[in-house]
Amino acid sequence: MNETHFHSIKDLSTHHLLGAGTAMCAGCGGLEALQVIYDILGEKTVFINAAGCMTLLSVYPYTPFRGSWLYTAMASAPAGAQGVRDALDILLEKQLIGTDEDLQTVVLTGDGSAYGMGLSATSAAIERGLDFLYICYDNEGYGNTGHQSSGATPHGARTATCRTVHGFSGDKKDLFAIWAAHRPAYVATVAGAEPVDLARKVEKACRLKGPRLLIALAPCPTGWGYDPQETVQVGKLAVACGLWPLKEAVQGKIVHTKPPGKRLPVETYLKTQDRFAHLFEPQRDEQTLHEIQERVDIYWREWEE
Amino acid sequence: MAKKTALVQGNQACAAGAIYAGCTFFGGYPITPSTEVAEEMSELLPTVGGKFIQMEDEIGAMASVIGASLTGAKALTATSGPGVSLKQELIGYACIAETPCVIINVMRGGPSTGMPTGPGQSDVMQARWGTHGDHAAIALVPESIQEIFTETVRAFNLAEKYRMPVQVLFDEIVGHMRERIVYPEPGELELIDRDPVTVSPEDYKPYDSTKGLVPPLASFGSEYKYHVTGLNKADDGFPTTKASLVDAEERRQIDKVECPEARADIESNEEFMTEDAEVILWAYGSSARSARYAVNELRKEGIKAGLFRPITLWPFPEKRTAELANQAKAIIVPEMNLGQMIHEVERVALGNCAIEGVFRVDGDPLNPGQIIDKVKEVI
């Protein structure tokens, strides 16, 4: 039952279900993750979306999806999913559709909605035990409106609404911990740059019932400031530097699925992006660099102990 | 010395106007097509000792503005249609709690998400009746980049003077368009601060209207301590269900804006070639720019057209609109919606002239040709 189909990258599909040529930016790390996720979820899905970059996936007259799409209000995607799931259950109970016609209810939002405005609706959906999959593509800012700060913006980063000398003085919200504290059936962090780990987690989530939530790191060439061809490398560095721990929690039990081992210095990752350029030019911001490294070291020290 | 000029976007002019007016607090949330107001304020406010805060959502942004205002700051938020929809409960709160603040609405198509990057003028009735319950409303509708600056300043003045939320509505066209602006010198435009409290802290009642329809507002953080609520309240700020008090407070809060003296102070209109006009183009915001062009073209053809342009949309310019309805054979109302302000024009015209609309909601601006065609069809 728990045996995975994904042992290496060769086990991933080479024919993608998600149509090509969407309106996403070149090198979108969110789309990179969604490709893998959708291949595993399959056609029998209905997506419930809140305002964000991926709202632009389906623009007249094309959609990359094979099924239906509900773009609801910014704060409300998990609540919209509740209605869809309940109505599907009514159809099933009345035998108006067969189980082979049932759809997976999938919420797809960015971090703006997931970490902020939609958090209350997600909390309530988990509390109600809603049978749904939540995919958050996390590009650490409001990408669709020009990369303003969001609840996911990391320490030290500059955004369109935070141009201060040292970058954002606060910390990225720990959404994994917040969601995990609700003890949903499944919650995990993933990255498109680590597709095998991602595929295994989607596979596991699909085998479970109830609330299942994925937070996908979505490197963003437009908002983070790097060449689109470097998306995979940026994603891999986030993991290798220990900034994006790949982990999962099943009914509250947390496991790191791909610990980085000997971690690279966070600078290796930060230097790849314009949003952190002020930490290196015109002079090194040793204090902020130290703070970022320290946060990572403390996190892993706690786990490794 | 020559005045400072620049080529700026409407949203930038709005932020500059807010700073000129003495705004020290901005609570906002990103939304197209207003986001540049927030981005600009995030850079400008720290330079004047103010605070910019990006909140978790539109509701939080509006609540933070109310909190800042009650603590003495001139407070601003900027958003677009869906954001205004979310703020509506708290806009009503600001009305009943009589909290000065300015809300910028850079209008796009609607309803719902509509057309985020396209212009619209379909929030003009929302600005009047969006929040539930009886309440007064002040809404300003600038048509140019220069006017966005001056009307933002005036919005702060009116908010502070009448102790209430004031909305400034301009559409995506003027919000994103770049035009030359001549920055007023410090002191050139009048700035109004809220009336000082003259009674002792022991005698202070936040809604005491014995000396005027607008009670002076003390600030949290001063020696004045008082109670603020969204419930119907008595003059001391505490909730009441006593019929006579509730009735009197509700009526006063509307009278303070709609009494003749206040209307004369708040209303602001521009008229262009209306003196002998037989056809009035009644237009506001960027639609008025097309209407003005149409007037010039029609005059060349010997058609006596004129433009009436409300700069204050709410309170509605009832008196002057009624006079023009008596003077003209027809009033044409061009709007980037499917007919909203035209109903107000019809209401006060009392059937004294023909009234026709020219409406557009496809994301393109109204062009002068459409307006000219309608005029020729009507006369």
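The following paragraphs describe the sheets, the aromatic contacts and one helix crossing in a predicted model.

In chain A, eight strands make up an open sheet with mixed pairing, and their order is β2-β1-β3-β4-β6-β5-β7-β8. The edges of this sheet are formed by β2 and by β8 (253-256) of chain A, each of which pairs on one side only. On average, and with direction ignored, neighbouring strands of the sheet are turned by 20° against each other. As a general point, the strands of a sheet are held in pairs through backbone hydrogen bonds, and the pairing is either parallel or antiparallel.

Within this sheet, strand β6 of chain A (residues 211-217) is flanked by two partners. Strand β4 of chain A (residues 132-138) pairs with β6(A) in the parallel sense over seven bridges, and in this pairing A:C136 stands opposite A:I215. Strand β5 of chain A (residues 186-191) also pairs with β6(A) in the parallel sense, here over six bridges, and the bridge partner of A:V187 in β6(A) is A:L213. Strand β6(A) is mostly covered, with seven of its seven residues buried. In a regular strand, side chains alternate between the two faces of the sheet. In β6(A), A:P211, A:L213, A:I215 and A:L217 point one way, whereas A:R212, A:L214 and A:A216 point the other way, and all of these residues are buried.

Towards the β2 edge of the chain A sheet, β1(A) and β2(A) run parallel and are joined by four bridges, with A:F47 standing opposite A:W69 of β2(A). The residue A:F47 also takes part in an aromatic contact. A pair of aromatic rings is described by the distance of the centres and the angle of the planes. For the pair of A:F47 and A:F65, the centres are 4.5 Å apart and the planes are at 40°, so that the pair counts as tilted, the class for angles that are neither under 30 degrees nor over 60. Because A:F47 lies in strand β1 (residues 45-49) of chain A and A:F65 in the loop between β1 and β2 (68-71) of chain A, the pair ties together parts that are 18 residues apart in sequence. Both A:F47 and A:F65 are buried.

Over all chains, the count of aromatic pairs comes to 22. In chain B, one aromatic cluster is formed by B:W282, B:Y284, B:F308, B:W314 and B:F316. Charged side chains also meet aromatic rings: the charged end of A:R275 sits over the ring of A:W224 at 3.8 Å from its centre, and the charged end of B:K233 sits over the ring of B:Y207 at 4.1 Å from its centre.

Chain B contains an open sheet of seven strands in the order β3-β2-β4-β5-β7-β6-β12, again with mixed pairing. Its edge strands are β3 (51-54) and β12 (312-314) of chain B, each pairing on one side only, and neighbouring strands are turned by 25° against each other on average, direction ignored. The edge strand β12(B) pairs with β6 of chain B (residues 138-140) in the antiparallel sense over two bridges. In this pairing B:A139 has B:W314 of β12(B) as its bridge partner, and B:W314 is also one of the members of the aromatic cluster.

Two helices of chain B, α11 (residues 318-327) and α12 (residues 341-349), have axes that come within 8 Å and cross at roughly 70°. This angle makes α11(B) roughly perpendicular to α12(B), and the crossing of α11(B) and α12(B) is right-handed.

How values were computed: Residues are numbered from 1 along each chain as its sequence is written. Chains are lettered from A and ligands numbered from 1 in the order in which they are written. This is a predicted model: local features need pLDDT of at least 70, side-chain atom pairs count only at pLDDT 80 or more; totals for chains, interfaces and linings use all residues. Side-chain values use heavy atoms; hydrogens and water are left out. Two strands pair if DSSP finds at least two bridges between them. Axes are lines fitted to C-alpha atoms, for helices over the stretch in contact, and angles run from 0 to 180 degrees between N-to-C directions. Rings of Phe, Tyr and Trp (its six-membered ring) pair if their centres lie within 6.5 Å; planes under 30 degrees apart count as stacked, over 60 as edge-to-face and the rest as tilted. Buried means under 20% relative accessible area, exposed over 50%, partly exposed in between (1.4 Å probe, protein chains only). A charge sits over a ring if NZ of Lys or CZ of Arg is within 6 Å of the ring centre and within 35 degrees of the ring normal. Angles under 35 degrees count as roughly parallel, over 145 as roughly antiparallel, 65 to 115 as roughly perpendicular and the rest as oblique. A crossing is left-handed if the near helix is turned anticlockwise from the far one by less than a right angle, and right-handed if clockwise.
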